[in-house]
Amino acid sequence: MGCQRTALVVGVVLLQAMTAAAEEPTSIQEVVVTGSRIKRDSGFDYPVPVAVIGGDDIRDSGYTAIGDALANLPQALATTGIQNTSGTLFNAGQSRANLRGLGTQRTLVLVDGRRHVTGDFQTSAVDLNVIPSSMVERIEAISGGASAVYGSEAIAGVVNIILRKKMQGLVLDVQGGQTDKNDGGEWTASAGYGFNFANERAHFLIGAEYTKADPIMQVDRDWAFPGVRRNTSLASQTVVPQSRSNTMPTATFQLINSGNPAIARSASIALDRGSVFENSALCRTATVNALCQDSDLFYANSYNALQGGVKRATARSYLGFDLTDNVTLYTDISYAHVDGFGIFQPAFSNALGGGTLPAVIHGDNAYLNGSTALDTQLRGFWTGAGLPLTQASTVNVGKFWQEFGDRDTDTVRENYRAVAGIQGKFNWLGRKADYEVYGQYGELDGYSLGFNVPNIKRTLQELDAVQVGGQIVCRDAAARAAGCQPWDLINGPSAAAVSWANANARSNGMANQTIAAANLSTSLFDLPAGPLGLAIGGEFRNETSDQIQDPLSASGALFYNAIGRTQGKYHLSEGYAEIAIPLLKNLPFAQQLSFEAAGRLGSYSTVGHTNQWRLALEWAPVDDVRFRASDASAVRAPNIAELYGPQGQNFTNVADDPCDAAQIAGIPASDTARRTRRIANCTAAIPGYNPATFSSNFGVGRPSLALLQGGNPNLAAEVARTYTAGFVIQPRWLRSLEFSTDYWLINVDGAISTIPINTLLQNLCYDSAESYNANKFCGLIHRDATGAATYVELTNQNVQALKTSGIDTSLSYHFDAKSLGLYQFRLDGTKIIRWDLQGVPGGATTHYAGVLTGVNSATPRYKLNGSIGWDLRDFVFRWESHWYSSMAVSETLAQTALTPFYTGSYWEHDLHATYKVNDSLSVRAGAINVTNAHPPIIPEVGAATGVTTSVYDNRGRWYFLGVNYKRQ
């Protein structure tokens with residue numbers, strides 16, 4: 001799923017491309033194109049590039065999820081899918097859209113031009129897996145310039161999923177597939193039925209779909225296991241096989257005697273060998289050497305999944321009833337149940353010490369002083385390292401706590417959506433007008449269950465086993481009274497010990513969305529070049545979300561992320577107007593010239609008033625060539641988690657107080673301007689401040705600084721400006737040839753993020769040229785009357801700036817060879833010119849174009865999708881391919897041709913065919929990634945698994961076979 005990046009026959013084309021198969025339309029039909037609410041003739045082109053994917057193309061290509069198809073669009077970059085959500089706590093089984101790599105929170109997903117309730121309690125992103133792919137008629141996508149029509153979150157663009165409204169008779173579809181390694185099985189079945197009634201004035205359809213996908217483990221791919229790493233002992237940092245880990249399913253003991261480093265050693269227990277062995281020199285320290293390959297040690301990647309598991313069931317019904325020839329009532333009701341299974345390694349203790357579960361063993365441990373052969377062997381290593389057998393003598397333990405079981409997650413989400421409305425047309429002042437009024441309710445309910453997440457305190461209490469009265473017990477008397485069972489770390493624990501410390505974590509959530517909206521589209525009057533089109537409308541929306549953990553998880557007592565409770569709501573009212581003005585037509589060098597404008601005003605209960613607008617121009621000097629351009633603004637209002645995420649106290653010991661006398665003295669003598677600014681701001685902040693004597697209460701060797709972290713209800717909306725400019729060529733003498741090129745640019749200001757502590761203290765506050773009392777960032781630093789810092793707010797802030805630009809190009813051609821069939825060719829590509837991030841105002845800019853480790857995804861400079869099709873009567877064949885250019889593994893690397901620091905280009909091919917047996921039955925088969933391409937084998941690609949980036953296909957060659965049956 002999410003990473004299967006095979007190319008579909010999609011087009012970054014004008015509206016006419018939707019009907020390109022016909023050289024001359026037989027009738028004029030009014031349609032609404034994504035990005036506009038003005039109805040227009042199918043021959044009147046829209047001035048913003050629109051990409052289209054047909055629902056039948058999704059099915060015939062072997063896809064079972066909408067997200068897989070979207071991933072093929074050149075403007076779509078790597079995003080959330082089954083191959084990169086297995087290692088997430090709450091998003092397992094999700095699929096999301098990510099246009100331009102700006103993040104799923106900045107891509108608006110619509111269903112039939114209407115919003116959809118979120119698929120996640122922490123964001124506003126829609127889970128595409130709740131939308132049945134078998135019900136999709138087509139998908140339209142535009143990049144940028146749509147916020148004036150649709151509202152918040154459309155900064156990167158809009159994906160509009162248009163569902164079927166009519167179906168005659170019964171439609172059944174079944175498909176199964178698996179890899180050539182006999183894993184990664186995926187099965188889907190769907191059924192739909194539709195009919196007319198009430199003298200053909202009403203139509204009803206109902207359908208359901210079920211899909212199941214199986215996991216794939218890293219150990220089952222030779223190219224992926226054990227993986228690779230950097231040899232950090234060499235300046236060149238060459239790529240070497242993954243080292244073994246001395247964090248073992250049994251245990252490793254770091255027997256390090258700081259008083260006698262000559263005999264420093266570590267010992268590791270290997271229960272399958274029934275003995276204790278000493279690691280080699282390369283594997284002896286807690287952080288093993290890159291070349292550590294002791295055969296008795298362990299590859300931690302044994303636990304990794306290349307693909308998680310997911311089950312999903314969806315159902316939908318649609319009813320349309322024509323009250324009159326001009327008035328239609330409709331309802332659209334859907335339900336989805338998605339069960340995503342995330343695969344995690346067991347809880348672990350780091351041999352370095354510290355961490356979430358800092359396991360140690362004391363010298364007087366009862367099992368260390370026991371009588372078994374293993375006890376005796378380990379005790380010999382212990383004393384040989386010069387360590388006494390006393391309580392004061394402690395050693396760090398490295399261990400995967402496999403006895404508890406794998407730390408997997410089961411994330412279950414139920415999604416309900418109901419739309420009811422009335423739409424129709426009427427005559428107004430002699431003009432035809434189309435209208436729609438609807439109400440919508442959507443709800444997400446779900447939970448995430450984390451298995452085998454041990455109770456940290458209980459595990460450590462069990463580990464501290466001693467002898468009392470001839471019995472081995474837990475040292476802590478209170479723990480004994482509570483049922484503590486001693487854990488034998490050397491020979492293996494009892495079932496009672498495992499049970500007493502083991503636990504499951506659960507979080508429950510609910511989100512809902514309520515919408516009431518009205519839209520009107522008409523033409524005001526006729527101009528010499530055509531009718532002046534107008535659309536107006538308004539929308540009220542209410543959003544609520546509440547996610548809460550069980551008390552034990554929220555307290556941080558378990559080996560699990562403590563997120564507490566995120567609860568909040570907001571509402572908004574918006575109104576918009578859109579106008580399309582034909583300026584010139586059928587004139588020399590002005591076969592068509594049109595102008596469009598749109599504006600949207602909003603009032604949010606959170607961020608206050610917003611305004612968004614779009615201007616667009618289209619010019620066709622001759623029939624063969626069209627030029628188009630747009631300029632638009634957009635906003636993204638913060639979501640509930642960003643606003644109301646739980647705030648909590650944390651501490652840091654890496655912060656330095658810029659006002660401290662030592663910090664002032666450290667400013668170079670030549671930097672007088674900086675020194676002057678800092679002293680002035682510190683003087684304003686601290687009563688009686690003296691730069692030569694002030695001693696701060698935090699810094700190196702001093703107490704930690706308190707931090708307040710979490711959501712921020714005072715966030716403002718992100719603001720963006722988007723531009724597009726391009727042209728389309730469709731020669732009259734070769735109507736089946738189409739070529740388009742478009743430049744695009746997106747600037748985002750005030751993007752929501754957090755600020756590094758020292759950046760806030762130094763760059764944004766005390767060294768700023770802005771006066772202390774006028775500086776909003778200085779207001780985040782709290783001091784008492786003596787100047788001592790009490791805490792610093794590191795909550796979400798509007799601080800980042802994003803800028804990305806590029807060029808989209810599309811070329812398509814088809815010709816009918818009569819008895820030899822219809823041949824189709826298509827090539828779509830994107831070049832990313834820049835993808836820049838400025839982390840804080842005035843800060844350095846990081847350039848991510850052509851870099852693997854981008855902010856929201858990998859950002860190859862070039863992405864190409866190509867396809868060749870052959871249709872011969874009842875047989876359809878497609879070859880589809882996609883290609884990514886090589887990427888640097890890090891923006892900070894010098895741009896050289898050093899192979900170890902570049903991914904190399906990636907090329908993948910798919911083949912599929914469909915045969916129509918008769919009017920009712922068709923059969924399809926194919927192979928995705930037929931050449932068995934795998935991700936680049938460099939450590940930055942998720943330990944060479946592709947999990948990190950979700951760009952590459954992790955599965956390998958995957959075959960599918962499907963059958964479709966229709967009966968009217």
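Here are some numbered notes on this structure, which is a predicted model.

1. Overall shape. The protein has 968 residues, and a compact globule with that many would have a radius of gyration near 30 Å. The value for this model is 31 Å, so the two agree. If you want a feel for the outline, the C-alpha atoms fill a box of roughly 100 × 75 × 55 Å along the principal axes.

2. Secondary structure and contacts. I'd keep the element count in mind while scrolling through: twelve helices and 47 strands. Take the contacts between residues at least 6 apart in sequence, and 72% of them join residues at least 24 apart.

3. Inside and outside. Buried residues account for 56% of the 968. The accessible surface adds up to about 37500 Å², and carbon and sulfur atoms own 57% of that.

4. A greasy spot to look at. Which residues form the nonpolar patch on the surface? They are Y193, F195, F197, I206, F321, L323 and L329, with about 570 Å² of accessible area together. Two strands, β10 (186-197) and β19 (309-324), each bring at least two residues to the patch. The largest share is from β10, with three residues. Y193 sits in β10, and because its relative accessibility is 40%, Y193 counts as partly exposed.

5. Salt bridges in general. The count for the model is 45 salt bridges. One group worth clicking on is a network of them linking R115, E153, E539, R541 and E543.

6. E436 and R114. These two side chains meet in a salt bridge, 2.6 Å from N to O. E436 belongs to strand β25 (residues 431-450) and R114 to strand β6 (residues 114-115), so the pair ties together parts that are 322 residues apart in sequence. Are the two partners buried or exposed? Both E436 and R114 are buried.

7. R636 and E718. Here is another salt bridge between side chains, at 3.0 Å from N to O. R636 lies in β33 and E718 in β36 (residues 718-729), so this pair ties together parts that are 82 residues apart in sequence. R636 is buried, with a relative accessible area of 0%, and E718 is buried with a value of 0% too.

8. K212 and D214. K212 forms a salt bridge with D214, and their closest N and O atoms are 2.5 Å apart. As for its surroundings, K212 has a relative accessibility of 26%, so it counts as partly exposed.

9. R626. Back on strand β33 (residues 625-636), have a look at R626. Its relative accessibility is 14%, so R626 counts as buried. What does the side chain of R626 make a polar contact with? The partner is the side chain of Q592, at 3.3 Å.

10. Helix α5. This helix covers residues 456-463, and its buried residues are I456, T459, Q461, E462 and L463. What do those buried residues pack against? The list is a mix of strands and helices: β22 (360-362), β26 (465-468), β27 (471-474), α6 (477-481) and α7 (495-501). The N-terminal end of α5 is capped by N455, with a side-chain oxygen lying 3.2 Å from the backbone nitrogen of K457.

11. Q797. You'll find Q797 in strand β40 (residues 797-816). With a relative accessible area of 12%, Q797 is buried, since the cut-off for that is under 20%. Its side chain joins that of T795 through a polar contact of 3.1 Å. Setting aside neighbours within four places in sequence, Q797 is in contact with N712, L715, A751, I752, S753, I755 and L780. Of these, A751 is 46 residues from Q797 in sequence and 8.0 Å away in space, C-alpha to C-alpha.

Note on methods. Residues numbered from 1 in each chain as written. Predicted model: local features only at pLDDT ≥ 70, side-chain atom pairs only at ≥ 80, totals over all residues. Heavy atoms only, no water. Patch = residues over 30% accessible without salt bridge, like charges linked within 9 Å, V, L, I, M, F, W, Y side chains within 5 Å. Areas by Shrake-Rupley, 256 points an atom, 1.4 Å probe, with all protein chains shown as cover. Salt bridge = Lys/Arg side-chain N within 4 Å of Asp/Glu carboxyl O. Helix = DSSP H or I, 4+ residues; strand = E, 2+ residues; numbered from the N terminus. Buried < 20%, exposed > 50% of the residue type's maximum accessible area, 1.4 Å probe, protein only. Rg over C-alpha atoms; globule rule 2.2 N^0.38 Å. Contact = heavy atoms within 4.5 Å. Polar contact = N/O pair within 3.5 Å; in protein donor to acceptor, adjacent residues only side chain to side chain.
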